[in-house]
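Subject: Structure handover

Hello,

Here is the structure for you to take over. Please open it alongside this email; my notes follow below.

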Amino acid sequence: MEKNFELFLSQLAETNATLESYCDFTKIKKNVHNIEISLNMLNFLLGKEDLRPAVELLWERDKSVFNVLDILIATRRKEKKKFIDTDGQIKIISSLFKSVDGIMQFLNETGLSEVFRNKDIKNLVDYVFGVETGLDTHARKNRGGDITETLLHNILIQNGIPHKTEVGSSYYSQIQTALGDDKKRFDFVIETNKKTYLIEVNFYNGGGSKLNEVARAYRELAPLINNIKGFEFVWITDGKGWIGAKNKLSEAYNDIPKVYNFSTLKNFLEEIKNELNG
C-alpha cells in the first residue's frame with residue numbers, strides 16, 4: 001500500500017487515555033495509609049487559636065509526626081523542595097521540621113496556620129487524600145507509555161499474534177553487533193517464518209523537542225536493523241503532539257518503511273497474519 005503522510009497525520013488520535021488511567025487510587029490510598037497516624041495526630045492542631053502551645057505539646061509527645069507536613073502543600077520530602085527565606089537563604093523545606101520554631105515558620109509563611117485556626121480543613125486524612133489525587137495527575141503522563149503498550153499488547157492478543165515484550169538488543173547477536181556499544185530494549189518483538197520484527201510504540205499528547213529527538217533516533221536506528229537479513233524495525237506512534245513536529249515525523253515516516261499509527265496498524269496486522277499462516 002502506498003504511503004500517504006498527510007493521511008497518516010490526519011489520523012493521529014487526540015488521546016490514548018482510558019478512565020482508569022486518570023488516577024491510580026490504589027497508589028493514592030497506600031500513600032495516605034502510610035502517613036495516616038501522623039495526620040490524625042496533626043488533626044489536634046485544627047481549630048486551635050494559639051497554635052504554638054499545641055505544636056509544642058505534639059513535639060514533646062512525638063516530633064516525628066511533623067515529618068509529613070510537606071504533603072500539606074503538595075510537595076514530598078524525598079523531592080527535597082527548596083525555598084528562599086526572609087534572609088535570602090536557600091533552604092530545603094523539610095529542614096524546618098527539626099524544631100518548633102521551624103515548624104511555626106512553615107505554618108505561618110505557607111498560610112497553613114490561618115487555615116488550621118479557621119478549621120478550613122476538617123480532617124487532614126481526607127485533605128491529603130485530595131492532595132495525593134492531585135499529585136497523581138502529574139504522574140499520568142508517565143503512565144501514558146504503559147497505556148499505549150497495554151493497548152498494543154491487547155490488540156495483538158485479540159488478533160492471535162504471538163509476541164514478546166521488553167526484549168533487549170543483546171538477545172539477538174546480529175542486532176547487538178550492529179548497534180555496537182549501544183544497548184536497546186524493544187517494546188515488542190514478533191517473529192514469523194519470514195522475519196523478526198523489532199517494534200517500538202509510543203504516544204504523544206503534547207509537543208516539544210523530545211519528539212524531534214525520537215524521530216531522529218528511530219530514523220537512524222531503522223536502517224541498522226533493516227540491513228540485517230531477517231530483521232525489520234517497526235515504529236507505531238500516535239498522538240496529536242506530532243502536529244508540532246510534523247517535519248521531523250515526515251522525514252522519519254518517509255525513510256522508515258514500516259511506520260504506523262493505531263488507525264493504519266491493521267495493515268501491519270494483516271501482513272503479520274499472512275506470514276504466520278503462510
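This is a predicted model. I start with a helix pair. The axes of helix H4 (residues 51–62) and helix H5 (residues 100–110) come within 10 Å of each other and cross at roughly 135°. H4 and H5 are therefore oblique to each other. Their crossing is right-handed. On the H4 side, the contact is made by Leu51, Arg52, Val55, Glu56 and Trp59. H5 contributes Val100, Asp101, Ile103, Met104 and Leu107. By type, the contact residues of H4 with H5 split into seven nonpolar, three charged and no polar.

Next, H5 by itself. Its buried residues are Val100, Gly102, Ile103, Met104, Phe106 and Leu107. H4 and H6 are among the elements that cover them. Just past the end of H5 sits Gly111, with a positive phi of about 95°.

Now the cores. The largest nonpolar core holds 34 residues. Which of them have the most contacts inside it? They are Leu42, Leu45, Phe66, Leu69, Leu72, Leu107 and Phe116. Five elements are worth selecting in your viewer here: helix H3 (36–42), H4, H5, helix H6 (112–118) and helix H7 (124–138) each give two or more residues to this core. Take Leu42 as an entry point. Leaving out residues up to four places away in sequence, Leu42 touches Leu58, Val65, Phe66, Val68, Leu69 and Leu124.

Another core lies apart from that one. This other core has 30 residues, including Phe5, Phe231, Ala245 and Val259.

One residue to look at elsewhere is Ala252, in helix H11 (residues 246–255). Is Ala252 buried or exposed? With a relative accessibility of 0%, Ala252 counts as buried, because the cut-off for that class is under 20%. Beyond residues up to four places away in sequence, Ala252 touches Ala215, Arg219, Trp235 and Val259. Buried residues in H11 are Leu249, Ser250, Ala252 and Tyr253. Their cover includes helix H1 (5–10), helix H10 (209–226), strand S6 (231–238) and strand S7 (259–260). For a sense of scale, compare Ala252 with Asn43. These two are 209 residues apart along the chain, and their C-alpha atoms are separated by 57 Å.

Last, some backbone angles to check. Most residues other than glycine have a negative phi. Which values go the other way here? Lys119 has a positive phi, near 55°, and is not a glycine. Lys119 lies in the loop between H6 and H7. Its relative accessible area is 39%, so Lys119 is partly exposed.

Glu166 is another such case. Its phi is positive, about 50°, although Glu166 is not a glycine. Glu166 is found in strand S3 (residues 164–168). At 37% relative accessibility, Glu166 counts as partly exposed.

To recap, in the order I would click through them: the right-handed crossing of H4 and H5, the core of 34 residues, the separate core of 30 residues, buried Ala252, and the positive phi values of Lys119 and Glu166.

Over to you.

Best wishes

Methods
Residues are numbered from 1 along each chain as its sequence is written. This is a predicted model: local features need pLDDT of at least 70, side-chain atom pairs count only at pLDDT 80 or more; totals for chains, interfaces and linings use all residues. Side-chain values use heavy atoms; hydrogens and water are left out. Axes are lines fitted to C-alpha atoms, for helices over the stretch in contact, and angles run from 0 to 180 degrees between N-to-C directions. Helices (H or I, at least four residues) and strands (E, at least two) are DSSP runs, numbered from the N terminus. Angles under 35 degrees count as roughly parallel, over 145 as roughly antiparallel, 65 to 115 as roughly perpendicular and the rest as oblique. A crossing is left-handed if the near helix is turned anticlockwise from the far one by less than a right angle, and right-handed if clockwise. Contact means heavy atoms within 4.5 Å. Ala, Val, Leu, Ile, Met, Phe, Trp, Tyr, Cys and Pro count as nonpolar, Asp, Glu, Lys and Arg as charged, and the others, Gly among them, as polar. A nonpolar core is a set of buried Ala, Val, Leu, Ile, Met, Phe, Trp, Tyr and Cys residues joined through side-chain atoms within 4.5 Å. Buried means under 20% relative accessible area, exposed over 50%, partly exposed in between (1.4 Å probe, protein chains only).
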